[in-house]
Amino acid sequence: MASRRVNTLAEENARKFEALCNLVDFGQGSFTLGLVKYDVKTDLDRIVEKLRERFPKLNIVVAELTPESTIKGSNVLEDIIAYNSQKPDLLVVTGYETLLVPNEQQVTLKDAIQPLNFGRNIFAQSCPYPVLICLPFQAMQILLRFAPDLTSWKSGFFEFIGFENSPINAISEAITSNTNLSALISIQQANIDRVKNISSSVLIREFIERLPESFLHKIEEYERSKTR
């Protein structure tokens, strides 16, 4: 049963990725908005890498937003449109989550949301190509809640949990392959650095809650055994 659950997760991610590729393919030459909700930063990196592999002839441009650029007399919409100079066939917007949380540059939620939400017509007219707005879990919920006009235009919504070799899949696969406890602990430790790549907008608690309860019990037993 557990093994099938891991397979289903991988199959579901593969199906969603194919749907994402269809959006990119069919959206060429016109504004098409896709929202990509991801779990771990390394997952997003791999998704972009696979898009480049699938579409080697397309000019895939990554637009990384930062609070610093937003306070220099521009806004988030102008920051995105500025990437037109690179003539993208696909624009992948990353870093937007850094504008949706408190930051040293004092970019407010209103500053981050309103230009896109109220300027969606300008967005569509200025970007005649597919645009993917990529956000981690909690940040995506903020966008969906506070930018309803923009998100109502979305042509696709893609949620990736544990895409390919994420920490979640690594641990799950070890559990379902009857790996012994010491090996599981090693795998958990080996993935600590990768877990730290989770955006600040995503609580590590959410990652822990996705682990099988049986595995958490084994961890507790292992820790107790060391104190005996």
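**Note on the predicted model: cysteines, sheet and two helices**

1. C134 counts as buried, at 2% relative accessibility. This is a predicted model, so the value is computed from predicted coordinates. The cut-off for buried is under 20% relative accessible area, and C134 falls in that class because its value is 2%.

2. C21 is buried as well, with a relative accessible area of 2%. How many disulfides does the structure hold? The number is 0.

3. The sheet comes next. It is open and built from 5 strands. Their order is β2-β3-β4-β1-β5, and the pairing is parallel. Which strands stand at the edges? They are β2 (60–64) and β5 (156–159). Each has a single partner strand, so one side of each is left without a neighbour in the sheet. On average, neighbouring strands of this sheet are turned by 20 degrees against each other, direction ignored.

4. Strand β1 covers residues 32–38. It runs parallel to β5, and 4 bridges join the two. One pair can be checked by eye: V36 has F158 in β5 as its bridge partner.

5. Helix α2 spans residues 41–54. It lies across β1, β2, β3 (90–94) and β4 (130–136). Against β2, helix α2 runs at about 155 degrees.

6. Helix α7 spans residues 137–146. The strands it lies across are β1, β4 and β5. Its angle to β4 is about 120 degrees. Edge strand β2 is thus listed for α2, and edge strand β5 for α7.

How values were computed
Residues are numbered from 1 along each chain as its sequence is written. This is a predicted model: local features need pLDDT of at least 70, side-chain atom pairs count only at pLDDT 80 or more; totals for chains, interfaces and linings use all residues. Side-chain values use heavy atoms; hydrogens and water are left out. A disulfide is a pair of cysteine sulfur atoms within 2.5 Å. Buried means under 20% relative accessible area, exposed over 50%, partly exposed in between (1.4 Å probe, protein chains only). Two strands pair if DSSP finds at least two bridges between them. Axes are lines fitted to C-alpha atoms, for helices over the stretch in contact, and angles run from 0 to 180 degrees between N-to-C directions. Contact means heavy atoms within 4.5 Å.
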